[in-house]
Amino acid sequence: MKIIKIGIKKIRSIDMVSVHLKKADKKLKKMNPAEWENYQSNLNNLIQEIANSMDKNEYNSKKIQKLIFKHFKLVGTLNPTNKESYIELANLYCEHEDFIVFFDNYHKGLAEFMSKAMIYFANNDSRN
């Protein structure tokens with residue numbers, strides 16, 4: 001019985017992520033090339049800053065949490081983000097091979113680090 005509940009939860013989570021990705025995709029398609037380049041540049045710089053900081057800071061440190069708040073806001077420009085959807089994205093980052101490879105290009109283990117930091121933020125920051 002417990003396995004079924006976990007399975008249903010995962011299916012719901014995947015469905016919710018899918019809905020959010022579709023909404024974000026619609027917004028992306030409306031961006032002009034300069035807006036897209038700006039978004040990508042901001043995201044790249046932010047991820048690189050988190051990667052550069054992860055060896056000297058815990059995922060729940062003030063420094064990392066400030067950066068994660070910036071990530072939360074940036075992700076929210078494509079699709080309104082709340083606690084639940086941010087946790088779902090965090091889980092996707094550390095469970096989906098494409099995201100793991102993507103983040104490993106910045107720093108080995110970054111996907112798991114980001115996931116922990118995002119979940120901590122979602123559960124502890126009153127601004128979300």
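## Nonpolar core

The largest nonpolar core of this predicted model has 30 residues. The members with the most contacts inside this core are Ile50, Ile68, Tyr86, Phe103, Leu110, Met114 and Met118. Four helices each supply at least two residues of the core: H2 (33-53), H3 (62-78), H4 (83-95) and H6 (110-124). In soluble globular proteins, nonpolar side chains tend to be buried together.

Isoleucine 50 gives a local view of the packing. Leaving aside neighbours within four places in sequence, isoleucine 50 is in contact with Ile64, Leu67 and Ile68, and also with Leu110, Phe113 and Met114. Of these partners, Ile68, Leu110 and Met114 are themselves among the core residues with the most contacts inside the core.

## Fold and surface

The chain has six helices and zero strands. Read along the sequence, the pattern is α-α-α-α-α-α. Of the contacts in the chain with a separation of 6 or more, 66% are between residues 24 or more positions apart.

The chain has 128 residues, and 34% of them count as buried. The exposed area of the chain is about 8600 Å², and carbon and sulfur atoms supply 56% of that area.

## Confidence

The mean pLDDT of the chain is 83, and 77% of the residues reach 70 or more. Among the elements of the chain, H6 has the highest mean pLDDT, at 97, and helix H1 (residues 2-30) has the lowest, at 51. Over residues 1-16 the pLDDT is below 50. Beyond near neighbours in sequence, this stretch has two contacts in the model.

## Salt bridges

A search of the whole structure finds two salt bridges. One joins aspartate 104 to lysine 108, with the closest N and O atoms 3.6 Å apart. The two ends differ in exposure class: aspartate 104 is partly exposed because its relative accessible area is 25%, whereas lysine 108 counts as exposed at 66%.

The other links the side chains of lysine 116 and glutamate 112, also at 3.6 Å from N to O. Lysine 116 and glutamate 112 are four residues apart in helix H6, so about one helical turn separates them. Lysine 116 counts as partly exposed, with a relative accessibility of 42%, and glutamate 112 is partly exposed as well, with a relative accessible area of 48%.

## Aromatic pairs

The structure contains 11 aromatic pairs. In one of them, the rings of tyrosine 93 and phenylalanine 99 have centres 5.1 Å apart and planes at 45°, so this pair is tilted. Tyrosine 93 is buried, at 7% relative accessibility, while phenylalanine 99 is partly exposed, at 25%.

Phenylalanine 102 and tyrosine 106 make an edge-to-face pair, with 5.5 Å from centre to centre and 70° between the planes. Here phenylalanine 102 is partly exposed, with a relative accessible area of 35%. Tyrosine 106 has a relative accessibility of 19% and counts as buried, because the class covers values under 20%. The residues of both pairs belong to one aromatic cluster, formed by Tyr93, Phe99, Phe102, Phe103 and Tyr106. Phe103 is also one of the residues with the most contacts inside the largest nonpolar core.

## Contacts between H4 and H6

Serine 115 is found in helix H6 and counts as buried, at 4% relative accessibility. Not counting residues up to four places away in sequence, serine 115 touches Ala90, Asn91 and Cys94. The C-alpha atoms of serine 115 and leucine 92 are separated by 8.3 Å, although these residues are 23 residues apart along the chain.

Cysteine 94 has its place in helix H4. With a relative accessibility of 31%, cysteine 94 is partly exposed. Its contacts, with residues up to four places away in sequence not counted, are Ile100, Ala111, Glu112 and Ser115. One of these partners, Glu112, also takes part in the salt bridge with lysine 116. Cysteine 94 and alanine 111 are 17 residues apart in sequence, and their C-alpha atoms are 5.1 Å apart in space.

Definitions and conventions
Residues numbered from 1 in each chain as written. Predicted model: local features only at pLDDT ≥ 70, side-chain atom pairs only at ≥ 80, totals over all residues. Heavy atoms only, no water. Core = buried A, V, L, I, M, F, W, Y, C linked by side-chain atoms within 4.5 Å. Buried < 20%, exposed > 50% of the residue type's maximum accessible area, 1.4 Å probe, protein only. Contact = heavy atoms within 4.5 Å. Areas by Shrake-Rupley, 256 points an atom, 1.4 Å probe, with all protein chains shown as cover. pLDDT = per-residue confidence, 0-100. Salt bridge = Lys/Arg side-chain N within 4 Å of Asp/Glu carboxyl O. Phe/Tyr/Trp six-rings, centres within 6.5 Å; stacked < 30°, edge-to-face > 60°.
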